Amino acid sequence: MARSIEIFPSLPELMTRSKQLVLDQLQSSFEAKGYATFVLAGGSTPKALYQLLAQESLPWEKIHCFWGDERYVSPTHPDSNERMAREAWFNHVAIPEKNLHPMPTHDPDPFRSAREYEKSLQDFFEISSGQLPIFDVVLLGMGDDGHTASLFPQTTALGVVDRLVTVGNKDGQPRLTLTYPVINQAHCVIFLVTGENKRPALSHVLAERGDALNYPSRLIQPQGKLYWLLDEKANPHLPF
Ligand code: 6PG
């Protein structure tokens with residue numbers, strides 16, 4: 001795993017770089033196999049990137065988008081990661097609906113929904129139980145507690161390594177999340193982290209040694225490339 005840490009003085013510069021990085025990764029996937037698989041991050045940070053991608057002219061039919069995690073709410077709920085991505089990006093481009101693979105949140109039992117999404121991944125990637133999908137690009141954010149996707153500190157989701165999708169827990173609220181072994185199979189993982197409030201956790205996450213149970217973003221050690229794109233406010237000033 002090659003780790004690259006890039007720090008930007010401003011948000012626009014960070015977002016321009018992240019857009020170009022995503023486009024380059026998608027393009028290399030198009031050349032390699034004719035399509036690309038892209039896992040979206042939730043939260044607020046990536047919205048500006050999605051708005052930039054919505055302005056691009058891309059072969060949308062070649063891009064399949066998945067979600068790395070989802071709050072367990074309806075897709076019309078203000079907290080929905082699916083809703084945010086559609087409003088910021090997909091409602092503005094001609095991406096076929098069949099290319100969007102949102103996490104299901106309709107079942108009263110989130111564990112059943114986790115199984116349903118896992119089955120949809122197995123079907124898409126034509127893999128059987130025990131095999132892991134290899135996504136081309138996984139975009140991640142990081143919370144000020146060091147969580148990523150919906151892998152929160154000291155939760156059971158951190159120990160789930162025999163599933164593709166599991167149920168995360170934020171303050172008692174269920175969330176669906178890819179498991180960290182799935183994320184680590186990706187060809188390219190890109191963290192987008194901004195803001196002063198992220199700096200303390202980031203210093204623990206990026207330190208040479210640390211505790212992944214308390215700082216779950218440390219679990220992300222992908223087979224492929226790992227990029228940390230930070231703004232100066234989040235910069236922990238470690239001797240990288
Ligand atoms: C979510 C995200 C989560 C997010 C971090 C950072 O569903 O909220 O997947 O992991 O990336 O919490 O969120 P912000 O970008 O809003 O700071």
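## The loop that holds Ala-149

Ala-149 is found in the loop between β6 (137-140) and β7 (165-170), in what is a predicted model. The relative accessible area of Ala-149 is 12%, which is under the 20% limit, so this loop residue counts as buried. Its backbone carries a positive phi of about 45 degrees, although Ala-149 is not a glycine.

A positive phi also occurs at Asp-171, again a residue other than glycine, where the angle is near 50 degrees. Asp-171 lies in the loop between β7 and β8 (173-178). With a relative accessible area of 72%, Asp-171 is exposed, whereas Ala-149 is buried.

## Surroundings of the ligand

There are 15 residues around the ligand, and those that come nearest are Ser-44, Thr-45, Asp-69, Arg-71 and Ala-149. Three side chains place polar atoms at short listed distances from ligand oxygen atoms: for Arg-71, a polar side-chain atom lies 2.7 Å from an oxygen atom of the ligand; for His-147, an N or O atom of the side chain is 2.8 Å from a ligand oxygen; and for Lys-198, the corresponding distance from a side-chain N or O atom to an oxygen atom of the ligand is 2.7 Å.

Asp-69, which is also among the residues that come nearest to the ligand, lies in strand β4 and is buried, with a relative accessible area of 5%. Its side chain makes a polar contact with the side chain of Ser-150, at 2.6 Å. Leaving aside residues up to four places away in sequence, Asp-69 touches Gly-42, Asn-81, Met-103, Ala-149, Ser-150, Arg-175, Leu-176 and Thr-177; this list includes Ala-149, itself one of the residues that come nearest to the ligand.

## Helix α3 and its cover

Of the 8 residues of helix α3 (residues 81-88), 6 are buried, so the helix is largely enclosed by the rest of the structure. The buried residues are Asn-81, Glu-82, Met-84, Ala-85, Arg-86 and Ala-88; one of them, Asn-81, is touched by Asp-69. The elements that cover the buried residues of α3 include β2 (36-40), α2 (47-53), β3 (63-67), β4 (69-71) and β5 (100-101).

At its N-terminal end, α3 is capped by Ser-80, which has a side-chain oxygen 3.1 Å from the backbone nitrogen of Glu-82.

## The nonpolar core

In soluble globular proteins, nonpolar side chains tend to be buried together. In this model, the largest nonpolar core has 74 residues, and the members with the most contacts inside it are Phe-38, Tyr-50, Trp-89, Phe-135, Leu-178, Ile-190 and Trp-228. Helix α1 (residues 11-33) supplies the largest share of this core, with 7 residues.

Leu-178 illustrates how such a member is surrounded: with residues up to four places away in sequence not counted, Leu-178 touches Val-39, Trp-67, Gly-68, Met-103, Tyr-117, Leu-121, Phe-135, Leu-151, Leu-164, Val-165 and Ile-183. Among these neighbours is Phe-135, another of the residues with the most contacts inside the core.

## Aromatic rings and charges over them

The structure holds 12 aromatic pairs. In one of them, the ring centres of Phe-66 and Phe-124 are 5.2 Å apart and the planes meet at 75 degrees, so the pair is edge-to-face. Because Phe-66 lies in strand β3 and Phe-124 in helix α4 (residues 110-125), this pair ties together parts that are 58 residues apart in sequence. The two partners are not equally accessible: Phe-66 counts as buried at 1% relative accessibility, while Phe-124 is partly exposed, with a relative accessible area of 24%.

One aromatic cluster is formed by Phe-38, Tyr-50, Trp-60, Trp-67, Trp-89 and Phe-90; of these, Phe-38, Tyr-50 and Trp-89 are also listed among the core residues with the most contacts. Lysine side chains lie over two further rings: Lys-33 lies over the face of Tyr-35, at 5.0 Å from the ring centre, and Lys-62 over the face of Phe-30, at 5.7 Å.

## An exposed site at Ser-57

Ser-57 has its place in the loop between α2 and β3, and its relative accessible area of 74% makes it exposed. Ser-57 and Ala-94, which are 37 residues apart in sequence, are 9.6 Å apart in space from C-alpha to C-alpha.

How values were computed. Residues are numbered from 1 along each chain as its sequence is written. This is a predicted model: local features need pLDDT of at least 70, side-chain atom pairs count only at pLDDT 80 or more; totals for chains, interfaces and linings use all residues. Side-chain values use heavy atoms; hydrogens and water are left out. A nonpolar core is a set of buried Ala, Val, Leu, Ile, Met, Phe, Trp, Tyr and Cys residues joined through side-chain atoms within 4.5 Å. Buried means under 20% relative accessible area, exposed over 50%, partly exposed in between (1.4 Å probe, protein chains only). Helices (H or I, at least four residues) and strands (E, at least two) are DSSP runs, numbered from the N terminus. Contact means heavy atoms within 4.5 Å. A polar contact is a pair of N or O atoms within 3.5 Å; within protein, one must be able to donate a hydrogen and the other to accept it, and residues adjacent in sequence count only if both atoms are side-chain atoms. Rings of Phe, Tyr and Trp (its six-membered ring) pair if their centres lie within 6.5 Å; planes under 30 degrees apart count as stacked, over 60 as edge-to-face and the rest as tilted. A charge sits over a ring if NZ of Lys or CZ of Arg is within 6 Å of the ring centre and within 35 degrees of the ring normal. A residue is near a molecule or strand if one of its heavy atoms lies within 4 Å of it.
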